[in-house]
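Work through the exercises below with the structure open beside you, and try each task yourself before you read its solution.

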Amino acid sequence: MPNPTPNPVAMGRKRKGTPIHGWIAVDKDIGLTSTQVVGRIRRMFNAQKAGHAGTLDPLATGVLPIALGEATKTVPYVMNGAKAYRFTACFGEARDTDDLEGRVTVTSDIRPDDDAIRAALPAYTGTILQVPPVYSAVKIDGQRSYKRARAGEGELPPARNVDIQRFALVGRPDRDHAVFEVECGKGTYIRSLARDLGETLGTVAHVSELRRTLCGPFSENDAISLDKLAEIMLCALPQECLLPVTTALDDIPALAMTDTQTDHLRHGRAVRARSGSTIFVDANQLDAIRDGHLLCAMSGQTPVALARLEGEEIQPVRVLNIESAPEKGAETE
């Protein structure tokens, strides 16, 4: 009896591109969407998989971390990290998008002085209640707020708590503009800060310039423009242009695994960390890991899995399918 014809759908489609893994911090130009940057990076590296950690609006420039391959599994740890921005607020005009791209809705002749601005800033430091812009990706009744706004349903999203560690006035180019630096946590909208600050000062305001200077472990000192990256890749191997997958996991303790333990984790199985007084992993490393906390299991310099210490076992949470690099000095055929 002849063998049945293989079903291509059942077999699964082979993903196009190269299985390349790592991070690159792009210094995004004005006018590009975050999705466009991801697409260009994916084509440059011929990568099978790519994604970004934290959207930047087309108006914004600065640090946009791009994850390739298995690094995409570590995106949440970058998105949950600290952020820093430098932005310019323009006083005297409110816009429906709360930035320069929007339509002017209200004007005011009031221009606050530096002392008034500085006196208002402490109210926006710490954990504050913030209403996201109507043109934002926040969902209202299952639909993105910006889509509702474009359809004429201009309902503001519900307020939520955000953390702002620092909010400082750093420049005053003229009466209409003020330059600020902000250090904040996940979910903070700089456009909302400018809008609300304007109201507090008895006027209206919007963001006219915005630059992200820090996103998790990536700073603007690490970032590279797309044009510069294209130049470098003319004479460098793609992997040489990437930061390691573990760059996103700087705050997560590492734990060395044996070959047998590595095999277990890669197949989604738990491994024994200890039994009574017997320790099956590096005792010094294990001492630094608290029960229930996340860790990064390592095989040499290669991350194997994000895992959690649960009692006497290490339970895999997210397996990272990265081929181990050969040991330095090892012979190859």
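**Exercise 1. Find which residue meets the side chain of Arg 211 in a salt bridge, and decide whether the partners are buried or exposed.**

Step 1. In this predicted model, the side chain of Arg 211 meets that of Asp 27 in a salt bridge, with a distance of 2.9 Å from N to O. This pair links distant parts of the chain, since Arg 211 belongs to strand 12 (residues 205-215) and Asp 27 to strand 1 (residues 22-28), 184 residues apart.

Step 2. To judge burial we need the cut-off, which is that a residue is buried when its relative accessible area is under 20%. Arg 211 has a relative accessible area of 18% and is therefore buried, and Asp 27, at 18% relative accessibility, counts as buried too.

Step 3. The pair also belongs to a network of salt bridges, in which Asp 27, Arg 211 and Glu 220 are linked.

**Exercise 2. Take the salt bridges of Glu 70 and of Asp 98, and work out where the partners lie in the chain.**

Step 1. A search of the whole structure gives 15 salt bridges, and this exercise looks at two further examples. General chemistry helps here: side chains of opposite charge can pair when their charged atoms come close.

Step 2. Glu 70 forms a salt bridge with Lys 49, and their closest N and O atoms are 3.6 Å apart. Because Glu 70 lies in the loop between strand 3 (61-68) and helix 3 (75-79), while Lys 49 lies in the loop between helix 2 (34-45) and strand 2 (50-52), the pair ties together parts that are 21 residues apart in sequence. Glu 70 is buried, with a relative accessible area of 7%, whereas Lys 49 is partly exposed, with a relative accessible area of 25%.

Step 3. Asp 98 and Arg 195 meet through their side chains in a salt bridge of 3.6 Å, N to O. The pair links distant parts of the chain, with Asp 98 in the loop between strand 5 (93-95) and strand 6 (104-107) and Arg 195 in helix 6 (residues 190-200), 97 residues apart. Asp 98 counts as buried at 8% relative accessibility, and Arg 195 is buried with a relative accessible area of 13%.

**Exercise 3. Determine the order of the strands in the open sheet of 5 strands, and explain why one side of strand 14 and of strand 15 is left without a neighbour.**

Step 1. The 5 strands of this open sheet follow the order 14-18-19-20-15, and their pairing is mixed. Strand 14 and strand 15 stand at the edges and have a single partner strand each, so one side of each is left without a neighbour in the sheet.

Step 2. Strand 18 and strand 19 run antiparallel and are joined by 6 bridges, and Ser 299 has Thr 302 of strand 19 as its bridge partner. These two strands form a hairpin with 2 residues between them, and Gly 300 in the turn has a positive phi of about 65 degrees.

Step 3. Strand 19 is also joined to strand 20 by 6 bridges, and these strands run antiparallel. Arg 308 has Gln 315 in strand 20 as its bridge partner, while Glu 310 stands opposite Glu 313 in strand 20. Here too there is a hairpin with 2 residues between the strands, and Gly 311 in its turn has a positive phi of about 65 degrees.

Step 4. Strand 19 is mostly covered, as 7 of its 9 residues are buried.

**Exercise 4. Identify the buried residues of helix 8 and the strands against which they pack.**

Step 1. In helix 8 (residues 259-266), the buried residues are Gln 261, Thr 262 and Leu 265. They cover an arc of only 100 degrees around the axis, which puts them on the same side of helix 8.

Step 2. The exposed residues Asp 259 and Thr 260 are carried on the face of helix 8 that is turned away from its buried side.

Step 3. The buried residues of helix 8 pack against strand 14 (254-256), strand 15 (271-272), strand 18 (294-299), strand 19 (302-310) and strand 20 (313-319), and these are the strands that form the open sheet of Exercise 3.

Step 4. Just after helix 8 comes Gly 268, which takes a positive phi of about 75 degrees.

Conventions. Residues numbered from 1 in each chain as written. Predicted model: local features only at pLDDT ≥ 70, side-chain atom pairs only at ≥ 80, totals over all residues. Heavy atoms only, no water. Buried < 20%, exposed > 50% of the residue type's maximum accessible area, 1.4 Å probe, protein only. Helix = DSSP H or I, 4+ residues; strand = E, 2+ residues; numbered from the N terminus. Arc of directions from axis to C-beta. Contact = heavy atoms within 4.5 Å. Pairing = 2+ DSSP bridges. Salt bridge = Lys/Arg side-chain N within 4 Å of Asp/Glu carboxyl O.
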